[in-house]
Every structure is written in structure tokens, then in C-alpha cells.
Amino acid sequence: MDVFFAILQVASLVLILSLLYRPVGDYMAHIYTSRKDLKVERGFYRVIGVDSSVEQTWQSYLRGVLAFSVVGLLFVYLLQRFQAVLPYSLGLPAVPEGLSFNTAASFVANTNWQSYSPDLTMGYTVQIAGLAVQNFVSAAVGIAIAIALVRGFRRRESATIGNFWVDLTRGILRLLLPVAVLGAVVLIASGVIQNFNGFTEVTTLSGGIQNLPGGPVASQEVIKNLGTNGGGFFNANAAHPFENPNAWTSLFQNVLMLMIPFALPRTFGRLVGNHKQGYAILAVMGTIFVASLTFLTLCELNGAGTAPQLAGGAMEGKEQRFGIFASTLFGSTSTLTSTGAVNSMHDSYTSLGGMMPMINMMLGEVAPGGVGSGLYGMLVLAIIAVFVGGLLVGRTPEYLGKKIGPKEIKLASLYILVTPTIALLGMALSFAIPAVRADVESTSIWNAGTHGLSEVLYAFVSASNNNGSAFAGLTANTPWFNTALGVAMLLGRFIPIVLVLALAGSLAAQDKTPATSGTLPTHRPQFVGLLIGVTVIITALTYFPVLALGPLAEGLQ
Amino acid sequence: MDTVRARFLANPRVSNRMSCRYGTHVPPSGRVVLLQMELPVLDIVYVLGVIAVFALVGVIGWGVEKL
């Protein structure tokens, strides 16, 4: 029955995503190439003083991204600090300074790491005006950056890569908002709650008193998944029955998480005028996704120990309503995209199973990755693969008619170094500074030994890759983790964006080189294999030592 | 309490003086309020920190331009 259920879920997911691939991908291509502005968009441009017909250089585009993000971050920070005087705050006090910073950084960076229990910390105004707004805009920023990079491949001798404000506005108004409205209606019809009731006191069957939380959950839940954000309305995230009431909503949330990231290769193929290039990228993403899901599921089905053997799998921390497969499917989807939502506790996975969500993030979240960030991460890896392939067979490194020269390789190399550096440095500092180490070991780590190390590693890998999921055994609401993880999230989000936009500018400035017999074909299975190999090897070389100290050592115990 | 004494104490002039004597119910001046407010040091640190992080990213962008 479990196997039948698993096959049914995968088949449904693949079918739905296949049906969505072309229309969603083509629609996104249309959005970002259309010359017409909607009436509401024109009004918005007038308000912010933007001429939508004027394009920006990559430097100007970057300034727009940074200015917009810093203003958003400070707004969310202040909103939390003034929560006590805001309406619909449910009587909750102001959020402490460190936690406010961490949360604001987290939502602006599309991470949604939560060091707090949302239903007991955030009132409705902060949830709606602060966090949900960032769910939309941070996702739209990610897609805009990916589109800017694709324009770099598409254009010839151009100094500009598009207009950030136009891309941002269109992404929100034409894509995220309409889909979110439809998705919220589906979720409400499926049993996800949507109200402003606050807490309702009920008497339980045993005569006890219980406070049931209410809230505008469906409207948050849909963009949490669609924008690969991941911040839950409740502490249990998608394991809470009000957020994820049944097997259908669990599957639907998987679809929401994967819909845009898996359709973006279609957009890419369409914009560069060669759909085969899009299929090649899709094949890489799909292969890594299936391999990761299979490995994680096998680990959890074959958990060592008496209890897992008797139960037919490692059931601790799993979504008991839907079984192991729905848990591993959700966990894989959530960590292979940049969502970070959970319907099971990754901390309770088997040691090797728990390593898999970590590896998913360490891969750079490119299979299929977060909205936008997955595609631009994969394209950077494709540049590295082209370069490596060129070195191997003595061919000119070119990708889509653009020469991959020293500047492009420097930018791509820096891109793949930034996130691991932030993650490993953050973890190392947690143990290298004596005062911090004492605090981490006495307050934050609940599991001594290798698993404790894995918890800290997971936190920094998750933050720097903008995922947001956690090994829940770690108490992260401390001054050190709130600050260090907040900084890691911001640097992990915006430094790669700098490099990608610089790459876009550099590529756009080039003319196209016609393909010759010396050009490495980048739409064939050989290139797909090469790109998978490059992705896996880069991750393995970077992270293997620390994995050996954490989950691998734990697995051998 | 007899009526005369009650009326005497209810007089705002008297009650204000009584408040002064016991140091209660004295509406503080704006300057006093300002001086008594705790300086939100952590808020200032975090806001400046955010600006510093974004400035660092901007500087990296400037450095990348020179590559």
C-alpha cells in the first residue's frame, strides 16, 4: 500500500509538472519580454518615478536590488520592534532586537529561517504586512536576477540587461500574485484555515482547556511554497494540520514549490531561442532530484535499530499521517529548492538520511533550486562545465555563442566559492571563539557529539544557501546565532547576486560567436552528464571533510 | 472623611500640591521623558549593522567591476 501510495504521488507530481512546464515557462518568457505595461503597472511606475522604457546597466540594476532590499529589511525590522502598538497583534509584545534582525534578514533574503515559534511571536500585522510581503518581493527579485542573466546570453553588444523595477513589478503582478490567489482558494477549499480569529479556547474531551490558533494561513501558505520561501505560520510548519491538512494539500504544496523552478528552463530555452538548451538544463535538474529523493527514501526505509526494523522504516519525526515517502518527498523538494518548509523533522532522520537534505543545499540548490536562484546557479555551473569540457577536449570554451573568457571564469569561480566560505566560516567561528563555543554548547546544542556538530553545520549551510530549514534540535534564538545566521543569510543572498549580475553584464557586452566544429554542444546527453558531474564533484570536494566529521561519522557509530 | 475636607482635597490646586509633596502624579516634562528613555542601543547597532552589510556588498560590486 505504501509503495502504491509512493508511486501514485510521484506519478501525479511528474504529470502535473509536465503539464505545467510549457505553459508556465512560455508565460514567464512572455512576461519578461513584453513591451506593454499594464495600467496598474504604469501607475506604480509613476509613483516610484521609474521610466519603464529605460534599461539599466548591471551596476544600476544591482543598485536597485540592494536599495530595494535594504529598505524592505529595515521596514520589517521596525514593524517587529513596534509590534506591541500595531493592530491585530494579538497582544504580543515587541519582538526582541536580535530576533527582529534575524527574521528581517531571513525574509528579505528569501530564506525564512525561523528562530522563533511564529504563532506565539508574530501578530497578524507583522505576518501580513512584513513577512508575507517579503515572500512575494524576495521571490520576484530572484526571478528578476535569473532573467537578467538570461538576457546576458541573449543580447549582442549590449550595455544593458533590463530594468530591475519593471522585472520586479511584472514578476509580482503578473506571475506570483495571480497564482497565489488561485492557490490560496484551492488550499482553503482543501481545509487550510483562513481567518482573523486569534486564539479560540476549547474544552477538550478530557476536560482540559486548549487554545487553538487561527490566522490568515492559506494566503501565507501558498506564497510560502510558490516563492520557495518556506516560513511557516505555525511552529510545526507543514506538519501542522491547519497548514497542511491532508495528503492532497501535501502534494499540492510540492507542486507549488516545484512549479516555477522547473518551468524556468523552458523560459531560458525560449529566450535564448533554443528549447533544447532548456531541456538539457531540465534533464540535469531532474536527474539530481530523482537521485537525491531515492537515496533519502532508501535511507529512511532501511533505518538501523530495532524500532525502525519493526516499524518498517525510521518513523521518528516523520509525517505520521502520510508515511515515510510523503515526508522524504517533501523534505527533498524543500531542500532541493530554496524553500526550507518541512512536514517532517529533518533532525530525526537517520544519520545518512539527514545528510541528504544537507547535501541538497550544499549542491547550491540548483535541482531545480529556488525561484530564479536555481536557474542562475545552474547556469553558472554550466559555464564552469563548459570551461572544464573545453580543457578536457581542447575545444574553445563557449556557451550559447558567448566566449567564456578569464572574466567569466573568475566570476563563476567566485560564485561557487562564496556560499561554502560563508557556511564553513560561520560553523568554524561557532566553535573557534571560546565564549561563543561555551554558549553554543551549553545553550544551543541539545545533542552532544557528531550530531551536535551536524546541527550547527546544517544551520549555517541552510542560512548561507537561503534555504531556511533546520535540524530542530538546535536552539538558535540566541544572540550569536541570530546575528551570525542573519549576516550569513544576507551575504549568501546578495554576494552571489552581485556576481551573477556582473556576469550578465559581461556576457551582454559580447557579440555572439557562430558555432563551429570546435564548439562543445551543450544540448546533448554528454553535456548533461558533464554538468551533473561538475555539480556533484564541486560539492563533494568542498564539503566532504566537514560531512565526514558530522553525519558520516555519526552513521559509522 | 467630612464633606468639607473631601471638597478641600478634591480641589485640583490642593491635590496637585499634595502630589508634589508625596512625589506622585507629577506629569513629567518632555525633557524628563526624553532623559528617562533608555537609549535603544541594540536597535541602533543592528540598523547600522544592516547598512554596513549592504555597504560591504556594494563595495564587493565595485570590486567585481574592476575584474
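With 28 C-beta neighbours inside 10 Å, A:Asn237 counts as buried, because a residue needs 20 or more such neighbours to be classed that way. The model in which A:Asn237 sits is a predicted one. A:Asn237 belongs to the loop of chain A that joins α8 (217–226) to α9 (247–271). Its backbone also deserves a look: phi of A:Asn237 is near 55°, a positive value in a residue that is not glycine. Most residues other than glycine have a negative phi.

A second residue of this kind is A:Glu157. Phi of A:Glu157 is positive, about 45°, although A:Glu157 is not a glycine. A:Glu157 is placed in the loop between α6 and α7 of chain A. Is A:Glu157 buried or exposed? A:Glu157 is exposed, because 9 other C-beta atoms lie within 10 Å and the limit for an exposed residue is 12 or fewer.

The next backbone feature concerns a peptide bond. Most peptide bonds are trans. The bond from A:Ala367 to A:Pro368, however, is cis, and its omega is near 5°. A:Pro368 is part of the loop that runs between α13 (351–362) and α14 (373–393) of chain A.

From loops we turn to a helix. Helix α3 of chain A covers residues 58–81. How far apart should the ends of α3(A) be? At 1.5 Å a residue, its 24 residues should span 34 Å, and the end C-alpha atoms are 35 Å apart, so the two values agree.

Many residues of α3(A) can be followed by their burial. The buried ones are A:Trp58, A:Tyr61, A:Leu62, A:Val65, A:Ser69, A:Val70, A:Leu73, A:Val76, A:Tyr77, A:Leu79, A:Gln80 and A:Arg81. What covers them includes, from chain A, α4, α6 (124–154), α7 (164–189) and α18 (479–509). The cover also includes α4 (41–65) of chain B.

Among these neighbours, α4 of chain A (residues 97–108) can be examined further. The axes of α3(A) and α4(A) come within 9 Å and cross at roughly 140°. That angle makes α3(A) oblique to α4(A), because only angles over 145 degrees count as roughly antiparallel. The crossing of these two helices is right-handed. On the α3(A) side, the residues that meet α4(A) are A:Ser69, A:Gly72, A:Leu73, A:Val76, A:Tyr77, A:Gln80 and A:Arg81. On the α4(A) side, they are A:Ser100, A:Phe101, A:Thr103, A:Ala104, A:Ala105, A:Phe107 and A:Val108. Sorted by class, this contact has eight nonpolar, five polar and one charged residues.

Chain B has already appeared as part of the cover over α3(A). What does chain B consist of, in helices and strands? Chain B has four helices and zero strands, and along the sequence its pattern reads α-α-α-α. Of its 67 residues, 7% are buried. Between the chains, 15 residues of chain B are in contact with 21 residues of chain A. The side of chain B that touches chain A has eleven nonpolar, two polar and two charged residues.

A last stop is A:Leu547, placed in helix α19 (residues 525–549) of chain A. A:Leu547 counts as buried because it has 20 C-beta neighbours inside 10 Å. Leaving aside residues up to four places away in sequence, A:Leu547 touches A:Met355 and A:Leu552. A:Leu547 and A:Ala144 are 403 residues apart in sequence, and their C-alpha atoms are 34 Å apart in space.

Methods
Residues numbered from 1 in each chain as written. Chains lettered and ligands numbered in written order. Predicted model: local features only at pLDDT ≥ 70, side-chain atom pairs only at ≥ 80, totals over all residues. Axes fitted to C-alpha atoms, helices over the stretch in contact; angles between N-to-C directions. Parallel < 35°, antiparallel > 145°, perpendicular 65-115°, else oblique. Left-handed = near helix turned anticlockwise from the far one by under 90°. Contact = placed C-beta atoms within 7 Å. Nonpolar A, V, L, I, M, F, W, Y, C, P; charged D, E, K, R; others polar. Expected span 1.5 Å × (residues − 1).
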